[in-house]
Amino acid sequence: DKASRESADNALSVAVTSRLSPTTDLHFAATAYDHREQVTSPGVAPGIGPGIPANRSDNDFSRVALNVFVRSELTSRIDAAFGLGYQDETGDSTGQIAFSPDFVLPTGYSLSRDDMSAYAELAFGADSGFDLVAGVRTDETNAAGRQTTGKLTVGHSFASDRIRVRLGWGNAFKLPSLFALADPLVGNPDLRPELVTSWELGVDLQAPDNTLRWQITAFWQRFEDLIDFDFDTFTTLNRSRVNTDGIELGGEYQPTERLSLVTHLTYTDIDVLDSAATLRQRPELRGGIGLYWTIAAALTAHVGWQYIGERFDSSIPTGELALPSYSRLDFALNWEIADSIRLNFAIDNATDANYEEAIGFPAIGRRTRISVQKTFGEGRR
């Protein structure tokens, strides 16, 4: 028998903006998403790790989100926004696990949860070059109770705004997915929300002629109950404490209005405290270079090269392995045929690079894509 997966996705979104006054706008957005899939697996024979019995499942996940907020220019130096949000998620699954021809265990779950949120943000800029952005958000969930998070960024610009120094703090939380909670093979109903507190210190540099811009950012992140998959126990669990530190470099060189070169590089050091575990699929080094060319007013091209460093992964047949680094080259061409019609042509992995994003899953080779996009109403460009 062969493994198979069939899925269908449907998404609908609506966004409306209304001008309440010359300085105040009311925004409303609604989205609906539905994902259905049928998965059949003949199982995985034991290898370095324990095997997986044959199984199948029919899964349905849906999400509805509503968001309404007001953005206002209180003064020439102060902008404010505040709003309310609502999100409802539902997951249903039915299936079976065949431990043997004579022992077939039915499986299934039905979960739902909602989240009501309120948030506010204030942005301030002074003539002296000082700026500040502060925000606070409260989420009331039936899965994790009340969670209050916030962010604060302060900065200062000098040397005719060519140099800006910034310091930022923030915290956030993430609920475990319904799949991570209830999947009969790897789910864990005792998962706790993931919490993170982060700091970043950055410098933005700009050349006098505005052709060259650089960003250098050092970051520190402290996770509590980070949600991860554990190969030894073959289940999803919480890592009690994880530290992530690193540095990001970004730059843009624009010698003309039609041509720009963008580059980025990120180094990340991850330390799982109180455990010898190594997080999967987290490379220490990643980066890329992109060239953007406006050939004509309605015709643009992009060539992008990206590099992903060595990273840890695991599978039942092989156990724990280090996947080698890889790089790939992509090309895209966008042609605006009319005011509301856009033709997109792309070549993914143009050099046909051979690599694996995960153990046992070779990347798709060279692929050509053509699409046509039609925009209706005032949202068109």
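Here is a walk through this structure, from the overall build to the pockets, the core and the charged pairs.

Keep in mind from the start that you are looking at a predicted model. The protein is mostly a story of strands: there are 21 of them, along with one helix. Measure out a box along the principal axes, and the C-alpha atoms fill roughly 75 × 50 × 50 Å. Of the 381 residues, 31% count as buried. If you look at contacts with a separation of 6 or more, 53% of them come from residues 24 or more positions apart.

Now for the empty space. Rolling a probe the size of a water molecule over the atoms shows where room is left. The largest pocket comes out at about 1,200 Å³. It has 37 lining residues, and the ones closest to its centre are Arg 5, Val 44, Ile 52, Phe 234 and Phe 361. Strands β1 (4-21), β2 (24-41), β3 (54-73), β4 (78-100), β5 (103-125) and β15 (311-315) each put at least two residues into this lining. As for chemistry, the lining of the largest pocket splits into 18 nonpolar, 13 polar and six charged residues.

The second largest pocket has a volume of about 730 Å³. Here 38 residues make up the lining, with Arg 63, Gln 87, Glu 89, Arg 113 and Lys 174 nearest the centre. At least two lining residues apiece come from β2, β3, β4, β5, β6 (130-141), β7 (145-158), β8 (163-174) and the helix α1 (178-182). Strand β5 gives the largest share, seven residues. This lining divides into 14 nonpolar, ten polar and 14 charged residues.

Two of those central residues are worth a second look. Arg 63 and Glu 89 form a salt bridge, with their closest N and O atoms 3.5 Å apart. The pair ties together distant parts of the chain, since Arg 63 sits in strand β3 and Glu 89 in strand β4, 26 residues apart. How accessible are the two partners? Arg 63 counts as partly exposed because its relative accessibility is 29%, while Glu 89, at 10%, counts as buried.

That bridge is part of a bigger set, as the whole structure holds 25 salt bridges. Another one joins Glu 252 to Arg 213, the closest N and O atoms being 3.4 Å apart. This pair also links distant parts of the chain: Glu 252 belongs to strand β11 (residues 235-256) and Arg 213 to strand β10 (residues 212-230), 39 residues apart. Glu 252 has a relative accessible area of 25%, so it is partly exposed, and Arg 213 is partly exposed as well, at 26%. Some bridges also share partners, and in this way Asp 131, Arg 164, Arg 166, Glu 200 and Asp 204 are joined into one network.

Next, go to Arg 19 and Asp 25, whose side chains meet in a salt bridge at 2.3 Å, N to O. Which of the two is exposed, and which is buried? Arg 19 is exposed because its relative accessible area is 55%, and Asp 25 counts as buried because its value is 18%, below the 20% cut-off. Thr 24 is in strand β2. With a relative accessible area of 14%, Thr 24 is buried. Setting aside residues up to four places away in sequence, Thr 24 touches Ser 18, Arg 19, Val 70, Arg 71 and Ser 72.

For the nonpolar side of things, the largest nonpolar core is made of six residues: Val 196, Phe 223, Leu 226, Val 242, Val 272 and Leu 279. Pick Val 242 and look around, leaving out neighbours within four places in sequence: its contacts are Gln 221, Arg 222, Phe 223, Leu 226, Ile 270, Asp 271, Val 272 and Leu 279.

A last stop is Val 133, in strand β6. Val 133 counts as partly exposed because its relative accessibility is 26%. Not counting residues up to four places away, Val 133 touches Glu 121, Leu 122, Ala 123, Lys 151, Leu 152 and Thr 153. Its C-alpha atom lies 9.1 Å from that of Gly 168, a residue 35 positions away along the chain.

How values were computed:
Residues numbered from 1 in each chain as written. Predicted model: local features only at pLDDT ≥ 70, side-chain atom pairs only at ≥ 80, totals over all residues. Heavy atoms only, no water. 1 Å grid on protein atoms, 1.4 Å probe; cavity = no way out; pocket = protein on both sides within 12 Å on 5 of 7 lines; lining within 4 Å. Points joined across faces, edges and corners; volume = space filled by probe spheres on them. Helix = DSSP H or I, 4+ residues; strand = E, 2+ residues; numbered from the N terminus. Nonpolar A, V, L, I, M, F, W, Y, C, P; charged D, E, K, R; others polar. Buried < 20%, exposed > 50% of the residue type's maximum accessible area, 1.4 Å probe, protein only. Contact = heavy atoms within 4.5 Å. Core = buried A, V, L, I, M, F, W, Y, C linked by side-chain atoms within 4.5 Å. Salt bridge = Lys/Arg side-chain N within 4 Å of Asp/Glu carboxyl O.
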